[in-house]
Amino acid sequence: MDGAVVIAVLFLGAVVLGSVLGWIAFFRQRELQSQLIALRKQLEHITLSSTPKASNTAPKTAWPASNPPAANADSDPQLTTSPSPSEHEDSAAASSTQYNHPRPTYSRLQTEKPAVKPPPQPNRWMEHLKTNWMVWLGGASVGLSGIFLVKYSIDAGVLGPLARISLALIVGLSFHILALWLRAKAQQHNDVFAALAGGASIILYAALLAALHLYQLWPVGLVFGLLIVISLSTMGLSLLHGPVLAGIGILGAYLVPLLVNTGSNNMLGALMYSAVITASALALMRYVYKPWLWFGTLAGALGWWLLSLSTSVETGTRLIYLTAIAYGVLAIPTGNWLLASKPSDNKEPNLLDHLQTENTSEEQRLFFALITIVAAFSFSVIVEPLEIPLLFCLAPLPAGLLWLCRHQPTFNLVAWPTFFAICAALLVSGLLPSEGVQIQTLDTVETTILAMALAVIVGVFTPGALWNMALSRHKGYWSSLACLAPVVALSIAYITITAMETYWEWAAATLLLGAGYMHLLNRQQSLSPPPQLIAVLIISAHLAYSLAVIMVLREATLTLALAFQVITLSWLHNRYQLPALVYAIKITLAVVILRLTLNPWLLSYPQDIHWSLWVCGGSALSVWVATYFAGNKAHLREWLQGASLHLLALTLIFETRYQLYDGDIFRETYTFLEAAINTATWGLLGNVYLYRAKVSRSLHRFYQICAHLLLMAALANYVLILLLAKNPLWETTDISSVPIFNSLLLAYGAPIILAALAYFLLAAKYRKLAGAITGGLLLYFVSIEIRHLWQGQLNINQSASDGEHYTYSMAWLLLAVAGTIIGIRFEKELLYKAAMLLLMCVVGKIFLFDMAGLTSLWRVASFMGLGLSLLGLAYIHQLIRKNIQPELSAQVTSDNTSAN
């Protein structure tokens, strides 16, 4: 008995609270209504006195006009009108006529628009909520009262099952009748009546769900039939009561199963219920459209799908549910049940037209909904078990979307994302059940079903895309989907089913597919196919070839097989002149270069094959040959030449290590000889890139960056390794005793030539630095060769003889003299200053060290030789300046004459 008292008190409290709040809001708005009517009459009087003719082009509202707050009376006085009963009937008839046409037309623009667009109202929703918060709270309280009536009667055991349900149904119907009676009595629309009707609908939803899940009083079909009746009735009443009823009754109905939770986890029934509510809300949008109603319906439908992931349902249930939601979103609001309406001008719009028209808001919302549903569909494929029912549930959604694209081309963009998302889901689904990446064997049922699922996807997308391509002007888009679908499916099957093992049968089937594409291309030549179709067939055939070689070849050999495609692609591009093939060539080059640059350091290549020569060299040769098949396309030839240079550099680097370490290219060591070879190789390639930068047009900046990087790498390798870390003067290094022609010539002599070449190829702002580096390299090379010539070996700790000192002085003196002469002759001020500095250092060395221990005639001869050398140098200096001065004067005179 106590429980009954508690239930009665709570129920009456909720009803009283909701009623009080609702009536307060009602009488408050009645008072405001009378004030607004008076203000409106004054405003009309002022308007009529100042304007000769009144405009009757004000737009009609989609919902019945509500009573706005006083603050908005001046902005839109028409909304504050309180019509008489006869006027109200005329307005209802006009509204009914208007509602015969679908409100949201997603495929074309509405032809009628208001003459004057109303000004934007930024905080309209917040203002509405502030003004009508008691209305919403009252309606919610009414609905909750009915729900708690059912729930608490269950918990306390009050009344019997049939009596509980009957009481809830009577209360809900009574509130609906009360709302209609109040509206008829007031003879005008009011949000209070709408809130009361919305709460009544929620009570009816809760009662029917309790009758189905708790007591099984009626069959499932009967209950859901009644739910449909309530939903349709609520939809119809919302046309009378306004958006408040739609918001509380339709969208709020999504929450009813959560509030009346039976613990049965009957997710199938919940999804069916959600589908009914979604269909009702979408049907309502055929007559009245609000963005919040649209997004609320989508959120509610997908919210129940999200909740279904936490429980187990029959295989394919989620997919069927999402397919039904997608169809409802497309068909119900527009009444386009066959999804076959076409643009009114019979002109197929561009793929991105829906982003450039005035109808963008509605079409973008629909496009967003489709993409969201496709993403949910794909995620459902991942969580669904690989069972037979999955095969029958995969096809309807993509088939329906392809049908939609066929008749409404503005949604073409949804085709490729749908295919990609479903294929990615099948790939993940095939990988998830296994440990790591060890995929199941062919004799399991799951892999067989996975293969059949991939066949279903190909069977839907390939014919569907070909069908769309027949009458579409986007030949490349649809042909790419049709031709690449089998290749992608084979790739997924190979990854998931064979665990990427070598199977000649799979490779043969893939090669046969590629050959079929090329055969189709040859057959199409007589029909003059569009360029997009030719490009797609060529690219698809090469992708099939790539997949086939991946199946049978491994590691380095695979890279060479991929590089061969550059030749055929270049030849086909020269024949057909297709821009798409240029991108295919660049992508193939990028794959080959990245594999040869990174893969050897990430994978363990076998040492028993000489892959550095025939793979790297073969790839470089393939790209070089492709330059001759590219024809007179300068841009493509430059790309191919640049790629071949990079591959040549990789060949030299890897081949050097192969020869140095007996085939163990990746031995963790770095010797003096390898550092010398790398310095020479990188410096040479840097100069080659500098030359390419001078003659190239489109890749000028690219070659410059590569050249600077290579030259800096060579300089860093020279300084850090050859001069510091691995210098033979203090690091034990095997240097041949043969003078000049030994590893010192490669390590310290070759960089001189490379630096001198860079001096002439670099930009003017870098030449001084290149010249200084060249002089420093020359000085060090001469010095270390003299050391090796006198010692026979290199050891910094071994003292130098007098002859070695004299040789240093003589060599440095000759270098200083040569530098001085060249600097004067060619007016190289920096070289002249450097040579004079070296000369002073040599003179200082001779006086302080070389001649310090000489006596008698040796001292006389030494000083005499030094003096004569300096005098001769001074004479040559004056002679060169004397010969240069007339030439400069004549040049200045000639320049002045030409200027005059």
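**Helix H27**

I began with H27, whose 28 residues reach 41 Å from the first C-alpha to the last, close to the 40 Å expected at 1.5 Å a residue. I note here that the model is a predicted one.

I then listed the buried residues of H27: Ala770, Thr774, Leu777, Phe781, Val782, Ser783, Ile784, Glu785, Ile786, Arg787, His788 and Gln791. Which elements cover them? I found H25, helix H26 (743-761) and helix H28 (802-825) included in that cover.

I looked at the end of the helix next. Gln791 belongs to H27, which runs over residues 764-791. Is Gln791 buried or exposed? Its relative accessible area is 17%, and the cut-off for burial is under 20%, so I record Gln791 as buried. Setting aside residues up to four places away in sequence, I found Gln791 touching Gln798, Ser799, Ala800 and Glu804. Just after H27, Gly792 takes a positive phi of about 80 degrees.

**Whole chain**

I stepped back to the overall architecture. I counted 30 helices and zero strands in the protein chain. Of its 900 residues, 45% count as buried. Among contacts with a separation of 6 or more, 74% join residues 24 or more positions apart. I obtained an accessible surface of about 45,200 Å² for the chain, with 67% of that area belonging to carbon and sulfur atoms.

**Nonpolar cores**

Which residues touch the most other members of the largest nonpolar core? I identified Trp478, Ile538 and Leu640, in a core of 170 residues. Helix H5 (residues 191-213) supplies the largest share of this core, 15 residues. I followed Ile538 further: leaving aside neighbours within four places in sequence, Ile538 is in contact with Leu521, Leu569, Leu572, Tyr576, Leu578 and Leu581. Apart from the largest core lies another, of 17 residues, among them Leu722, Leu777, Phe781 and Leu794. Leu777 and Phe781 also appear among the buried residues of H27.

**Helix H9**

I checked the geometry of H9 (residues 267-284). Its 18 residues should span 26 Å at 1.5 Å a residue, and its end C-alpha atoms are 26 Å apart, which agrees. Because 14 of the 18 residues of H9 are buried, I describe this helix as largely enclosed by the rest of the structure.

**Salt bridges**

How many salt bridges does the structure hold? I found two.

In one of them, the side chains of Glu384 and Arg318 meet at 3.3 Å, N to O. Glu384 is in the loop between helix H12 (360-383) and helix H13 (388-394), and Arg318 is in helix H11 (residues 317-331), so this pair ties together parts that are 66 residues apart in sequence. I recorded both Glu384 and Arg318 as buried.

Arg657 forms a salt bridge with Glu674, with the closest N and O atoms 2.3 Å apart. Arg657 lies in helix H23 (residues 634-660) and Glu674 in helix H24 (residues 672-695), so the pair ties together parts that are 17 residues apart in sequence. I recorded Arg657 as buried, and Glu674 likewise.

**Surface and loop**

I noted a nonpolar surface patch of about 330 Å², made by Leu715, Val719, Leu720 and Leu724. Val719 sits in helix H25 (residues 700-725) and counts as partly exposed, at 32% relative accessibility.

Last, I examined Gln577, in the loop between helix H20 (555-576) and helix H21 (579-602). Gln577 has a positive phi of about 55 degrees although it is not a glycine. At 35% relative accessibility, I entered Gln577 as partly exposed.

Conventions. Residues numbered from 1 in each chain as written. Predicted model: local features only at pLDDT ≥ 70, side-chain atom pairs only at ≥ 80, totals over all residues. Heavy atoms only, no water. Helix = DSSP H or I, 4+ residues; strand = E, 2+ residues; numbered from the N terminus. Buried < 20%, exposed > 50% of the residue type's maximum accessible area, 1.4 Å probe, protein only. Contact = heavy atoms within 4.5 Å. Areas by Shrake-Rupley, 256 points an atom, 1.4 Å probe, with all protein chains shown as cover. Patch = residues over 30% accessible without salt bridge, like charges linked within 9 Å, V, L, I, M, F, W, Y side chains within 5 Å. Salt bridge = Lys/Arg side-chain N within 4 Å of Asp/Glu carboxyl O. Expected span 1.5 Å × (residues − 1). Core = buried A, V, L, I, M, F, W, Y, C linked by side-chain atoms within 4.5 Å.
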